[in-house]
Amino acid sequence: MLRMSTLFLRTLREDPADAEVAGHRLLVRAGYIRRAAPGGFTWLPLGWIVYRNIERIVREEMDREGFQEVHFPALLPKEPYEATGRWTDYGDNLFRLKDRKGADFLLAPTHEEMFTLLVKDLYSSYKDLPLVLYQIQTKYRDEARPRAGLLRGREFVMKDSYSFDVDDEGLEASYQKHRVAYQRTFDRLGLPIVIVSAMSGAMGGSASEEFLAPMVVGEDTYVRCTTCDYAANTEAVQVAPPATIAFEGLPAAEVVDTPDTPTIQTLVDLFNARADLRRPDRDWTAADTLKNLVVKLKNPDGTFTALAIGVPGDRDVDMKRLEAQVSPAEIEPFTEADFALHPSLAKGYIGPGALGLEHASGIRFLVDPRIVDGTRWITGADSPGKHVKDLVMGRDFTPDGIIEAAEVHDDDPCPKCGSPLEMARGIEMGHIFQLGRKYAEALGLTVLDEHGKTRVVTMGSYGIGVSRAVAAVAELNNDTKGLIWPRAVAPADVHIVATGKATDPQLPAAELLAAECEAAGLRVLFDDRVGVSPGVKFNDAELVGVPTIVVVGRGLADGVVEVKDRRTGDKADIALADVVAHLRTQL
RNA sequence: CGGGGAGUGGCGCAGUGGUAGCGUUCCUGCUUUGGGUGCAGGAGGUCGGGGGUUCAAAUCCCCCCUCCCCGACCA
């Protein structure tokens, strides 16, 4: 039994000034956590109880699938991470340190390498697979910007698991088991989840999905269909290409003088203003123009490659989407010096005429999927002050390929059903990932198959943010008065408040009730403080957020106590003799 | 890393060069006991850190650190 008289707890009367988002603010105010370091938090008794409840649920769902728990050090030598290139790839996000002999160590941001090596150490036969191992471990990432308390810290707890299979079918099965286990886990935590397709990116895996809890303070933007079940991370959205158009009857391309049209808007205005250029049926819009952007890719080996991207003029290139497409290369701006090296590019008037591996610039030219055969465009004519109109895709120019890099907008058509898409924000609670053989290859994890042949093991990795889940549940379960925990994770089932003076009958009656509740299997938080006014106790109870509040107060004279539902605010007077049975029905 | 805001008792804030204050919290006493009760007395701060200017710095100057917000970044 937790007693308020002795519990290590101090609730704050006012909001802490450095906490913006509701969940963070309330976790601090209600005495669940304290900031201890940049991006690091101390769990106070109530917070630690909630944390462990969540951890227990995660563990139970892993165990239910037959996954086996192990536990690695967080402090690791650099060598395994050098073997996979991550010692450098992780960049500034990796906490690096040296031991007394000067050897390099790191605080692990994730443990793919160690799990791979552990399995390599002990297993060598296909008969040993499939295998799934997991741990619940503190992770370290030197985040550029820790945020919103536990939502993004530099030290946090993650459940990470890793599957090991002989073949792709096995990987798929392990992946699906995790998918199901994750759905059940988040369901038990009371977290609404949208599963979105994510980019497999540089990892080269075939599938990756994120489990997002929708919330406005979320950091990830994703799109979801307003009609069907399609949902995808913004980076992974696939644009549905329109139907192609026959070339017959399309006007011939024509170069026109368009002085002083540095922007899409000025170009469109000019076309609408000039009688010789006006469209008879409707006004020109930015969507009629083809915008060509040139960037520089910094390849992993340090070399640079130029890349041109063509998108409809009513959209910008989304750098995040572009980066996801070209990963592991990084995007750098195309500078004046770069233009000097490519005299065929007329800045501000770049067009398909100069772009493409087979054309003057030799720059690879990729276009948005909406640019299909037969679409006609106003675009740069590769000469200052000139544009070309009615340049027809497939007839007048052919790019080197397609790229998904244009901005995604609300109301874009769903690639699955064509209904409008909408953008939303969420926080990543879990990520499941078909890694494939990258780590097994780099670290030499192989097994012998039934024919005695060496096979590289194929892997998956799967994460749940455990400490983040505390923050997410708090964020989604509160009101102006405080937290409202879902019962499965709440620090107690019932918060018993005794009002009255020390000599009044309420206190001993509440004491007795608390003991009975506990004997009946209820987890009890008992406000047994004397000399504290009822208002303070009521406010604290609402702030702390235990789902059921029982007040042993003035009704005691009539043999009843008040049972209040924290979430709905519903109150009922229940006869003292019936309280325990009544409370048990609410579990 | 870029832009913006801010660091003063546990928490929230005031204090533009001259002995650090208010509210709350905490302690003591009395009072009060169904919505943060009232009164009185008390405790608690090297004013984020380091340099500098000055007779004198929370206050002015320089450097650094940290926190919050936006962006970049983020299996």
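What follows covers the protein surface around RNA strand B and one helix pair in a predicted model. Residues are numbered from 1 along each chain as its sequence is written, and chains are lettered from A in the order in which they are written. Local features need pLDDT of at least 70, side-chain atom pairs count only at pLDDT 80 or more, totals for interfaces use all residues, and side-chain values use heavy atoms, with hydrogens and water left out.

Start with the RNA. Strand B is surrounded by 45 residues (near means a heavy atom within 4 Å), and the closest are Arg-13, Ala-17, Arg-152, Met-158 and Glu-542. By class, this surface splits into 22 charged, 13 nonpolar and 10 polar residues (Ala, Val, Leu, Ile, Met, Phe, Trp, Tyr, Cys and Pro count as nonpolar, Asp, Glu, Lys and Arg as charged, the others, Gly among them, as polar). On the RNA side, sugar or phosphate supplies 51% of the strand B atoms within 4 Å of the protein, and bases the rest.

Some polar contacts (here, N or O atom pairs within 3.5 Å) go to bases: a polar side-chain atom of Arg-152 sits 2.5 Å from a base oxygen, and a side-chain N or O of Asp-540 is 3.4 Å from a base nitrogen. Ser-533 has a side-chain N or O atom 2.7 Å from a phosphate oxygen. Helix α13 (helices are DSSP H or I runs of at least four residues, numbered from the N terminus) gives the largest share of this surface, seven residues.

Turning to the helix pair, Ala-22, Gly-23, His-24 and Leu-27 of α1 meet Val-470, Ala-471, Ala-474 and Glu-475 of α11 (contact is heavy atoms within 4.5 Å).

Note on methods:
Polar contact = N/O pair within 3.5 Å; in protein donor to acceptor, adjacent residues only side chain to side chain. Helix = DSSP H or I, 4+ residues; strand = E, 2+ residues; numbered from the N terminus.
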